[in-house]
Amino acid sequence: MSRSTRRCPNQLCGRPFQVNRFSADLDALADRGRVTCPHCGLVAIGDGNSIFLTHALSDEEEHLFHALERREEARY
Ligand SMILES: [Zn+2]
């Protein structure tokens with residue numbers, strides 16, 4: 001399982017959420033390759049050989065995400 005944080009590609013949402021990626025054969029019932037935003041329900045297409053479970057960040061984690069992102073932007 002690998003874990004990452006993504007930003008929702010929906011411009012009206014744009015919120016970060018956590019993505020846990022699993023090998024598809026662990027759970028044949030789940031939709032393969034679909035990354036669903038827990039905030040707005042937008043579905044992005046990921047690797048079709050994986051299953052993606054997503055959940056919202058805590059307020060603290062989301063705050064940290066934005067703080068780190070602002071720091072990245074400040075470099076340019
Ligand atoms: Zn969203």
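**Note on the predicted model: sheet, helix H1 and Arg 15**

1. Strand E1 and strand E2, the latter covering residues 16-23, run antiparallel and are joined by six bridges. Two of the facing positions can be named in this predicted model: Ser 4 stands opposite Val 19 in E2, and Ser 2 stands opposite Arg 21 in E2.

2. On the pairing of E2 with E5, seven bridges join the two strands, which again run antiparallel. One position that can be checked by eye is Gln 18, which stands opposite His 55 in E5.

3. Taken together, these strands form an open sheet of three strands in the order E1-E2-E5, with antiparallel pairing. The edges are strand E1, residues 2-7, and strand E5, residues 50-56, each of which pairs on one side only. From one strand to the next, the twist averages 30 degrees.

4. Helix H1 spans residues 59-74, a run of 16 residues, and its first and last C-alpha atoms lie 23 Å apart, which is close to the 22 Å expected at 1.5 Å a residue. As to its surroundings, the number of buried residues among the 16 of H1 is zero, so the helix lies largely in the open.

5. Arg 15 deserves a separate look, being found in the loop between E1 and E2. Arg 15 has 17 C-beta neighbours inside 10 Å and therefore counts as partly exposed, since a residue is called buried at 20 or more such neighbours and exposed at 12 or fewer. When residues up to four places away in sequence are left out, Arg 15 touches Cys 8 and His 39. The C-alpha atoms of Arg 15 and Gly 41 are separated by 12 Å, although the two residues are 26 apart along the chain.

6. On confidence, the chain averages a pLDDT of 90, and 92% of the residues score at least 70. Confidence is lowest in H1, with a mean of 90, and highest in strand E3, residues 34-36, at 95. As a general caution, predicted coordinates should not be read in detail where pLDDT is low.

Note on methods. Residues numbered from 1 in each chain as written. Predicted model: local features only at pLDDT ≥ 70, side-chain atom pairs only at ≥ 80, totals over all residues. Pairing = 2+ DSSP bridges. Helix = DSSP H or I, 4+ residues; strand = E, 2+ residues; numbered from the N terminus. Axes fitted to C-alpha atoms, helices over the stretch in contact; angles between N-to-C directions. Expected span 1.5 Å × (residues − 1). pLDDT = per-residue confidence, 0-100. Contact = placed C-beta atoms within 7 Å.
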